[in-house]
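Welcome! Take a moment to look over the sequence and the 3D view, and then let us walk through them together.

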Amino acid sequence: MRASRKFFQVVFAFLQNIYLAGFWKRTIYKGEIKNICVPGLNCYSCPAAIGSCPIGAFQSVVTSLRYNFSFYASGFVLLFGAIAGRFICGWICPFGLYQELVYKIPLAKKRLYKPLRYAKYLVLLIFVIVLPTFVHNEFGIGQPAFCKVICPAGFLEAGVPVLLLFPSLQSLIGVAFYIKLTFFVFISGFSVIHYRFFCRTICPLGALYSISNKFSFLQIRFDKDLCVDCGKCEKTCKMEINIRKNQQDLECIRCGDCLKICPTNALKFGAILPQKRTAV
């Protein structure tokens, strides 16, 4: 399961950034596919990106002069969430893969202070919704606060490559760049000692998908009659949840580690259908 999931993470990260020609052409893809949101946090401005980031698309509409709400981007998030919930975080999001690779650095690992998990909902409210909607520049246009000063995926996938491809732009580096660099270093550093630190404490997309864990089509199902209370599933969970108590936990990214470790096959991936539950 772990090996296969890593394979899928790499494949999905590549598929979302398949326009490799953007690096040597020194441009970004602007085709029709770019109008479609990808499931994970993936920067629109990355030279290789072929789709739009849901958070970036949402903010681009919220900050415009003509619209106050992005039904388009919100619809994509609701669709992805309804189908898979935070499975997207665990299997598809490119920045989730980056955090897992950073976590492999051999330094002491620590448990996350649980109340910090609620911070991502504040980030979603303040930096993705409130500030872009109500704080405007002299032209009456809102500022994409999260994308502009926080998003580490944007810094990694777009900020660094763009500066390398266009050295002339280095003279235009301002305060916003250094703020974003600071956030990236901070998030990367804490991701070394806390598994998926950004996903659990800051990511607004993770906050949205976590809510959909309650009703998504894909679920983890638990058969307590098969359970022998060995506790292996709880011990192996890097997201630090007890899947036996709550299979719809907001922090569960459905990585499948608990399924692999279970000695009696009491945990399985399953699909929730209207008025019927069937294991798959």
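A good place to begin is the outside, where L122, L125, I126, I129, V130, F134 and V135 make up a nonpolar surface patch with about 610 Å² of accessible area together. Patches of this kind join nonpolar side chains (Val, Leu, Ile, Met, Phe, Trp, Tyr) within 5 Å, from residues with over 30% relative accessible area and no salt bridge, a salt bridge being a side-chain nitrogen of Lys or Arg within 4 Å of a carboxyl oxygen of Asp or Glu. Accessible areas come from the Shrake-Rupley method with a 1.4 Å probe, and for residues only the protein chains shown count as cover. One member of the patch, L125, sits in helix 7 (residues 119-134).

Please keep in mind that this is a predicted model, in which local features need pLDDT of at least 70 and side-chain atom pairs count only at pLDDT 80 or more, while totals for chains, interfaces and linings use all residues. Residues are numbered from 1 along each chain as its sequence is written, and side-chain values use heavy atoms, leaving out hydrogens and water.

Now for the whole chain: it has 14 helices and 3 strands, which are DSSP runs numbered from the N terminus (helices H or I, at least four residues; strands E, at least two). Its C-alpha trace spans about 65 × 45 × 35 Å along the principal axes. Of the 280 residues, 48% are buried, where buried means under 20% relative accessible area, exposed over 50%, and partly exposed in between (1.4 Å probe, protein chains only).

Moving inward, the largest nonpolar core has 57 residues, and L41, F95, F146, F198, I220 and I243 touch the most other members. Helix 4 (residues 71-84) gives the largest share of this core, 5 residues. Such a core is a set of buried Ala, Val, Leu, Ile, Met, Phe, Trp, Tyr and Cys residues joined through side-chain atoms within 4.5 Å.

How enclosed is helix 6 (residues 94-103)? Because 9 of its 10 residues are buried, helix 6 is largely enclosed by the rest of the structure. Among the buried ones are P94, F95 and Y103.

Finally, two residues that are not glycines have a positive phi:

| Residue | Positive phi | Relative accessibility |
|---|---|---|
| E240 | about 60° | 13% |
| R254 | about 55° | 1% |

E240 is found in the loop between helix 13 (232-236) and helix 14 (257-261), and R254 is found in the loop between helix 13 and helix 14.

How values were computed. Patches are made of residues with over 30% relative accessible area and no salt bridge: like charges are joined within 9 Å, nonpolar side chains (Val, Leu, Ile, Met, Phe, Trp, Tyr) within 5 Å.
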